Structure formats: structure tokens, C-alpha cells
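The following exercises concern a predicted model. Please work through each task before reading its solution.

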Amino acid sequence: MIVGFGTRHILDRIVKPFVKKENGIFYNATFPNNQPVNPFEKTTWIDFNFDRWIVEKPDTAVFGILRGTEHLLWTCKDVGINYYYFDHAYFFKAHNHQPNHITKSISYRITKNGENFNKIIELDKWDKNRIQKFYRLHTESLRLKNIPRGDKILIIPPTEAVCRYYKIHSLKQWKRQVEEKIRQFSDRELIIRPKTETRPLEEDLQNSHCVITFQSTVGITAILKGLPVICDDVSMCKPISIKYEDIEKEYIRDDDLVNKWIDSLLANQFTIDEIKDGRAKKLIDKYDNHTQIR
């Protein structure tokens, strides 16, 4: 049995067919004044009984970590409920949930019992054939490059929502702890780049010796350009990240491993059609049990 939870109409059209294809129950949100609740408020779901949910422990599907889904996810982890987590794709994102300008389609990442796919798996021939559509559409976006390393350390702090979800005491504390770790091994100038920064990312990356992020997809961009990344264990970049003590060491990217990592991420993002016809869930369950490389 699987259940899903609505929060916004634009997100419900993604999660609902995933649940309904498995003959599950989708709990629609109430919309006070015909509007979803604010991001940091809790949604009320029609006919949902929390006590029965934690007793029956059905598989659970949600999009994102706002409007009450964070409380559901925390509970899933606390009491052992399998959950399917939806969010924006690793590559070729559907900004504002509109077709990507390169692929002309909409894709989302879905992870089982995690918010990011933070391992590398061995894909079989069928898996590799499936993700070739991304390479055919725009190989250049996935090509590995090697830009010269700059002389600064670029720090991508977590957003307020990420701090709240992962129970990071405060953004100020996170920055201080990161700087303390850096200063054990490097005295380079630091650049703090919040999500709201309007300066072109390319400009900051061109000046970067290393990128430090909690779990931002900026890490993906950095690795594709040949820059080392330090991240948290929950990050999708974890399998190919470096440690703080290596920040001043020579960095030689393992291109074979990185290409397998890219393939693993591509395998865990799905088109709307794959979500609607049930392929997405079957593949997620399959990949969850695949042989892990790293």
C-alpha cells in the first residue's frame, strides 16, 4: 500500500499519478482561501488520520520539504516508514515546472528513503539505454571539462528550508563550523554565495579552488567543470567528494567514476510519462537494490 500527500496543485499533478498507478490513496490538501499554506506552515489533509498512518506504515510519497511534508518525512524516518521523495531533477531541471529548454520535457528526481541519490550503482544495459535520451538531447551539458582552479574557496550555504529540515541549529553556526574546518588546512579567501545571489555562478566558479556545499546541486556543476567538492553525507555529490584535509592537495578527477556517477543520477530522474505509467516506481525500487559501486 502507498499513500501520497498534496501541497500545491502544480506538485500534486506529479505525485498523484505515481500513487494512483499503484492503487494507493492520495490525500488532497485543504486550501484556505483557495491558496496553499505558506511554505513553513503545515498543510491539513482531507480524511488523513495521522495515528492510523503511523500504525499501518504504508509507503509514503511527497514532493519537497515544505508545507508539512517535512513533518511526514521526519516521522517516516523515526518510525520506519518507506518514503518516496520527489524534487527537481539533477540535470535538465524543469524551472517553474515548465519543460526544460533543452530537453523540451519535464523530469523530476525521485529517491527512496532519502532526499538525494548519494551513491553510485552498477547499471545494466537496459538502464544505460534508457538514459541515453539525455545524452542524445544535449551531450555538451554532461561533458566533463577541466577549468583552471582559482584561488578562492566558494561556499554554498544551505537555505533556511534546508537548515530547518536537517535541524541545523542556525545558518550562522553552519558557516562558522565550515570556516573552522577550512582554517585547519587552508588560509584562502572565502566567497559565500547564498541561493539569492544574482552574480553569475560561472564567475564564482572561475575563481574557485574548491566548492563547499551542504547538498546544493551547484556541486554537480562544479564537478563537471573539474573542481573538487566538499559536501555533507546527504548530498548527491558525496560519492565523489573530497575531505577538508585534502583541500590544498592536488586534485585529479576520476573521470570513469564521475561518468558512472552521472549515469546513476540520470537513472534516478524520470519524465512525467514514466511517473504516470508506473515505470518510475519500478525503477526506483530496482535501483534501491542494485549493486553499489560507491
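**Exercise 1: The lining of a pocket**

Determine how the lining of the second largest pocket divides into nonpolar, polar and charged residues, and state which element supplies the largest share of that lining.

Solution. Begin with the class of each lining residue: eight are nonpolar, three are polar and four are charged. The pocket that they line has a volume of about 250 Å³. Of its 15 lining residues, those closest to the centre are Lys 181, Ile 230, Cys 231, Asp 232 and Tyr 244. Next, assign the lining to elements: helix H6 (171–183) and strand S8 (208–213) each supply at least two residues. The largest share, four residues, belongs to H6.

**Exercise 2: The buried side of a helix**

Establish which residues of H6 are buried, and explain why they lie on the same side of the helix.

Solution. First, consider the dimensions of H6: its 13 residues reach 18 Å from the first C-alpha to the last, close to the 18 Å expected. Second, identify the buried residues of H6, which are Trp 174, Val 178 and Ile 182. They share one side of H6 because they cover an arc of only 70 degrees around the axis. The general rule is that an α-helix has 3.6 residues a turn, so residues three or four places apart point the same way. Finally, find the packing partners: the buried residues of H6 pack against strand S6 (152–156), strand S7 (189–192) and S8.

**Exercise 3: A residue of S8**

Decide whether Ser 208 is buried or exposed.

Solution. Locate Ser 208 in strand S8. Its relative accessibility is 0%. Buried means under 20%, so Ser 208 counts as buried. Beyond four places in sequence, Ser 208 touches Arg 149, Gly 150, Lys 152, Leu 154 and Leu 227.

Conventions
Residues are numbered from 1 along each chain as its sequence is written. This is a predicted model: local features need pLDDT of at least 70, side-chain atom pairs count only at pLDDT 80 or more; totals for chains, interfaces and linings use all residues. Side-chain values use heavy atoms; hydrogens and water are left out. On a 1 Å grid over the protein atoms alone, a cavity is a set of points where a 1.4 Å probe fits but cannot get out, and a pocket is an open set with protein on both sides within 12 Å along at least five of seven lines; lining residues have an atom within 4 Å of a point. Grid points are joined across faces, edges and corners, and a volume is the space filled by probe spheres set on the points. Ala, Val, Leu, Ile, Met, Phe, Trp, Tyr, Cys and Pro count as nonpolar, Asp, Glu, Lys and Arg as charged, and the others, Gly among them, as polar. The expected span of a helix is 1.5 Å times one less than its number of residues. Buried means under 20% relative accessible area, exposed over 50%, partly exposed in between (1.4 Å probe, protein chains only). The arc is that of the directions from the helix axis to the C-beta atoms. Contact means heavy atoms within 4.5 Å.
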